[in-house]
Structure formats: C-alpha cells, structure tokens
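Colleague: I should like to discuss the fold with you, one element at a time. Please show me the sequence and the structure before we begin.

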Amino acid sequence: MSAKTQFFLAGATGYIGGTPTPLASNLPCLSATPKRRKNSTSFLASQPSWLASEADIVVGVADSDDLMAAEATLDGLKQRYATTGVPPIFIHTSGAALFIDDAKGTYAASPIYDDSDADQMAALPPNRMHRNVDLAILAGDAAGYTKTYLVIPAMVYGMATGQFVDKGLQNSHSTPVPMLVKPSFYRRRAGMVGEGKNVWPNVEIHDLAELYIALYDSITSNPSTGHGVNGYYFGANGEHSFYDLTKAVGEALVVLGKSDDPEPTTYSQAELDKYFGGSEIFGTNCHCIPTHSLAIGWKPTKGTKDLLASVKPEVEALIAKWK
C-alpha cells in the first residue's frame, strides 16, 4: 500500500480495538462509541461518514449492533469511492452470537459454522443477533463501492495489554467474563444457566488482535482475499463448556475468600432477571470453525486451557476494582 494510505479506526479505546497496536499506531481514530456522545444523532450523521470518506481502509471495532453508525460509515465509503474510483476497504467486527441456539444450558450439540462456507453464511436468518448490521455492510460490498470483511470473534478472554492500556486509554477487560464474575461475586457462589452443558468457542484477546493484522496483510498483498459474501473470518481457537468456565470462577472466588464452595449452581429466574435482564445467552451453544482465518495465515497460540487459567487473575483484578 502507498505511504499515503488513509486509515479510520473506530473503537480504538475499546477492549478489542486498542489491542492490535501495530495496526492501531498513528491512525486517525474514533476514540469513543457514538452512544457515549451527548449529541448522538449529530455525531452519527457526520463523524463516521466524514472520517470514512477520507479513508482508504476502515477498521470497525466499536458497537457491532449500531446500524446507524454502520450506515454512516458506508455512506462515507461511497463518497470515497466516488472520489477515487477505488473501492475502499471496510473490516467490520461482528460477533459469534450470530450462531447461538436456545439450549438453556441443557446440551452441547448444535450446528457447526465454517467461515469458508459462503452458502451457510448466506442462509443465516435476518433476525439473528448482529445480522441486520452485517447485511447492510454486505450490501455495500455487493453494490461495488466498498470491499467488506467481517471478523467474527468467539468469546474473547484475557486482560488486554499494550500502549493504550498503559496510558489509561483502553478498557482492559472483556464483556463476557466480568458479566459472569459479577453476579457470582455478589451471590457468593459461581452461577450458570441450567446445567452449564452448553459450549462456546473462545479466543484470547492478543490472538484475536493478530487476526486483524493477518487479514490486513492478506488484503494488501493478495487481491484474491475473500470479501463480501466470501469475506467471513472467525476468531476462534478451542471450545469450553460453561460448567467448566463457571467452575473456574467458583474456584477463584474460594481462593480469594469470596465463596466457600467452588461448585457452580443454577441461576434462578429471579437471578437471571436481576443480573442479565432475563437473558439466557450464557446458556446457549455456539460452534465455529475458522477455516478462512487459518488459510490467510492466522496462527493463534492460546486455547481453552489458557482461558481457564486466565480466570483467577481476571477475577482478582475485577474484585479489586469493586471494593
């Protein structure tokens, strides 16, 4: 790519967004999600569109469900194409909740999704989580004014590190692990949905960062890198049951003196309502195979054993913040 290539990184202070620092350094960055702005409508109507209109490459790692922001970004990319005649690149972060079932923690069997299977991806119903945003982005690729690539992380774990964390600019914790730890901390017992038999894939945060870099390298060096309907890239390396994950939370709480029994118990409906707004997403299954991601040179090194080992230090760090 030319030294004059213009980047727009949306979500640079987020848990995922600030981690691929070789890509993030010295780029024009959107440092807050739109919903944190006082004048959200004005912000969405101008900033993503304007910044995208100046960019050759947009990397979106902010809110995967913000359709207005995605549409504003696409509008800017359309303007960029009209100016340059070259379709700009849009790497968007979606989520593996696209593939969940309704197991309620009672079983592990569920369809397996492969990022290299374009027909399988195209058959996903439009009412799945994240799907409305993904479809809007895919439509931009189909229209020809942008080349789009969908990165779909599994459950991301591990505490982020790097220059943005060191400077106090970046969130260092994932979303799912604190969501599991907090109710367990307050009820003084690890909790799970149903029997915790359900299974999800996992990916370590720094391994995930390497996927963005591998994808960027492939896009800029190999014109045949799949995009649009052929442009799904899963971030997943290993699977865990929620029983095993919540048992690790329970063990950490016992060691830290915050519980007297490591064995997780089933959340009551009242607890699901209190801690999760009634959602049973932690009782769902999700199975993903990153064939496409591995084919472009992504080489994750951490798996489920590392996930379970990461729980205690993260629980300790979280509890220290809640005191």
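Colleague: Are the two faces of β9 buried or exposed?

Modeller: This is a predicted model, in which local features need pLDDT of at least 70 and side-chain atom pairs count only at pLDDT 80 or more, while totals for chains, interfaces and linings use all residues. Residues are numbered from 1 along each chain as its sequence is written, and side-chain values use heavy atoms, with hydrogens and water left out. Buried means under 20% relative accessible area, exposed over 50% and partly exposed in between, with a 1.4 Å probe and protein chains only. V199, P201 and V203 on one side of β9, and W200, N202 and E204 on the other, are all in the same class: buried.

Colleague: In which order do the 3 strands of the open sheet lie?

Modeller: Helices (H or I, at least four residues) and strands (E, at least two) are DSSP runs, numbered from the N terminus, and two strands pair if DSSP finds at least two bridges between them. β7 and β9 run parallel and are joined by 3 bridges, whereas β9 and β11 (residues 239-241) run antiparallel, also with 3 bridges. The pairing is thus mixed, and the order is β7-β9-β11.

Colleague: Which residue of β11 is the bridge partner of V199?

Modeller: V199 belongs to one side of β9, and β9 is joined to β11 by 3 bridges. In β11, the partner of V199 is S241.

Colleague: At about what angle does helix α9 run to β11?

Modeller: Axes are lines fitted to C-alpha atoms, for helices over the stretch in contact, and angles run from 0 to 180 degrees between N-to-C directions. Contact itself means heavy atoms within 4.5 Å. Helix α9 (residues 242-255) lies across β7, β9 and β11, and its angle to β11 is about 75 degrees.

Colleague: How do α3 and α5 run relative to each other?

Modeller: Helix α3 (residues 67-84) and helix α5 (residues 131-143) have axes 9 Å apart and pack at an angle of about 10 degrees. Angles under 35 degrees count as roughly parallel, over 145 as roughly antiparallel, 65 to 115 as roughly perpendicular and the rest as oblique. The two helices, α3 and α5, are therefore roughly parallel.

Colleague: Which residues of α5 do L67, A70 and L74 meet?

Modeller: L67, A70 and L74 lie in α3, which packs against α5. Their counterparts in α5 are N132, V133, A136, I137 and G140.

Colleague: Which helix gives the most to the largest nonpolar core?

Modeller: A nonpolar core is a set of buried Ala, Val, Leu, Ile, Met, Phe, Trp, Tyr and Cys residues joined through side-chain atoms within 4.5 Å. The largest has 79 residues, and those with the most contacts inside it include I16, F99 and L208. L208 touches I16, V151, P153, V156, V203 and G235, residues up to four places away in sequence not being counted. With 8 residues, the helix that gives the most is α8 (residues 205-221).

Colleague: How far apart in space are G283 and G196?

Modeller: G283 has its place in the loop between α10 (269-276) and β13 (287-289), and at 0% relative accessibility G283 counts as buried. G283 touches A103, K104, G105, V193 and N198, not counting residues up to four places away in sequence. G283 and G196 are 87 residues apart in sequence, yet their C-alpha separation is 6.6 Å.
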